[in-house]
Amino acid sequence: MDVYSILGWVGTILIVLAYWLNSTKRVESTSVAYQAVNLLGAIGVGFNVFHQAAWPALALQVTWGIIALSSLLKKKE
């Protein structure tokens, strides 16, 4: 397994973990932890889909990451 596949799997696990934590009310969707895990997941999957030239999936991950980053930056205000 190459590094891009590993990053993709780790990113996928992080995104699913964030969703599960939120769905089971272990974290709030507005929490730093939730947004940070989503951002890291989007970055991991983003590297994988960029490497594969899967442009629609890359657009999704960039959007996902921007949403998470924007939420994290608002938390600092």
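A residue is taken as buried when its relative accessible area is under 20%. By that cut-off, 31% of the 77 residues of the chain are buried in this predicted model.

The overall picture is simple enough. The chain has three helices and zero strands, so with a radius of gyration of 13 Å, close to the 11 Å that the globule rule gives for 77 residues, the chain is as compact as a globular protein of that length. Along the principal axes, the C-alpha atoms fit a box of roughly 35 × 25 × 20 Å. As for contacts between residues at least 6 apart in sequence, 59% of them link residues at least 24 apart.

Helix α1 is a good place to start. Its 21 residues should span 30 Å at 1.5 Å a residue, and the end C-alpha atoms are indeed 30 Å apart, so expectation and model agree. Which residues of α1 are buried? They are G8, G11, I15, A18 and L21. These residues sit on the same side of α1, because the arc they cover around the axis is only 165°. That spacing fits a general rule: an α-helix has 3.6 residues a turn, so residues three or four places apart point the same way. The buried residues of α1 pack against α2 and α3, the latter running over 55-76. On the other side of α1, W9, I13 and V16 are exposed, nonpolar names or not. 

The largest nonpolar core takes in five residues: A18, L21, V27, Y34 and V37. Both α1 (3-23) and α2 (32-51) supply at least two of its residues. Such grouping follows a general tendency, as nonpolar side chains in soluble globular proteins tend to be buried together. One core member, V27, touches L21, N22 and Y34, leaving aside residues up to four places away in sequence.

Polar Q35 makes for another story. Q35 belongs to helix α2, and it counts as buried because its relative accessibility is 9%, with the cut-off for buried at under 20%. What lies 2.6 Å from a polar atom of the Q35 side chain? That partner is the backbone oxygen of S29. Beyond residues up to four places away in sequence, Q35 touches S29, I67, A68, S71 and L72.

The loops bring two backbone oddments. K25, found in the loop between α1 and α2, has a positive phi near 60° in spite of being a residue other than glycine. This residue comes just after α1. With a relative accessible area of 71%, K25 is exposed, because exposed means over 50%. A53, in the loop between α2 and α3, also is not a glycine and has a positive phi of about 55°. Its relative accessible area of 39% makes A53 partly exposed.

Finally, helix α3 holds A59. Is A59 buried, exposed or partly exposed? At 43% relative accessibility, A59 counts as partly exposed. Counting along the chain, A59 and S70 are eleven residues apart, and their C-alpha atoms are separated by 16 Å.

Definitions and conventions. Residues are numbered from 1 along each chain as its sequence is written. This is a predicted model: local features need pLDDT of at least 70, side-chain atom pairs count only at pLDDT 80 or more; totals for chains, interfaces and linings use all residues. Side-chain values use heavy atoms; hydrogens and water are left out. A nonpolar core is a set of buried Ala, Val, Leu, Ile, Met, Phe, Trp, Tyr and Cys residues joined through side-chain atoms within 4.5 Å. Buried means under 20% relative accessible area, exposed over 50%, partly exposed in between (1.4 Å probe, protein chains only). Helices (H or I, at least four residues) and strands (E, at least two) are DSSP runs, numbered from the N terminus. Contact means heavy atoms within 4.5 Å. The expected span of a helix is 1.5 Å times one less than its number of residues. The arc is that of the directions from the helix axis to the C-beta atoms. A polar contact is a pair of N or O atoms within 3.5 Å; within protein, one must be able to donate a hydrogen and the other to accept it, and residues adjacent in sequence count only if both atoms are side-chain atoms. The radius of gyration is taken over C-alpha atoms; the globule rule is 2.2 Å times the number of residues to the power 0.38.
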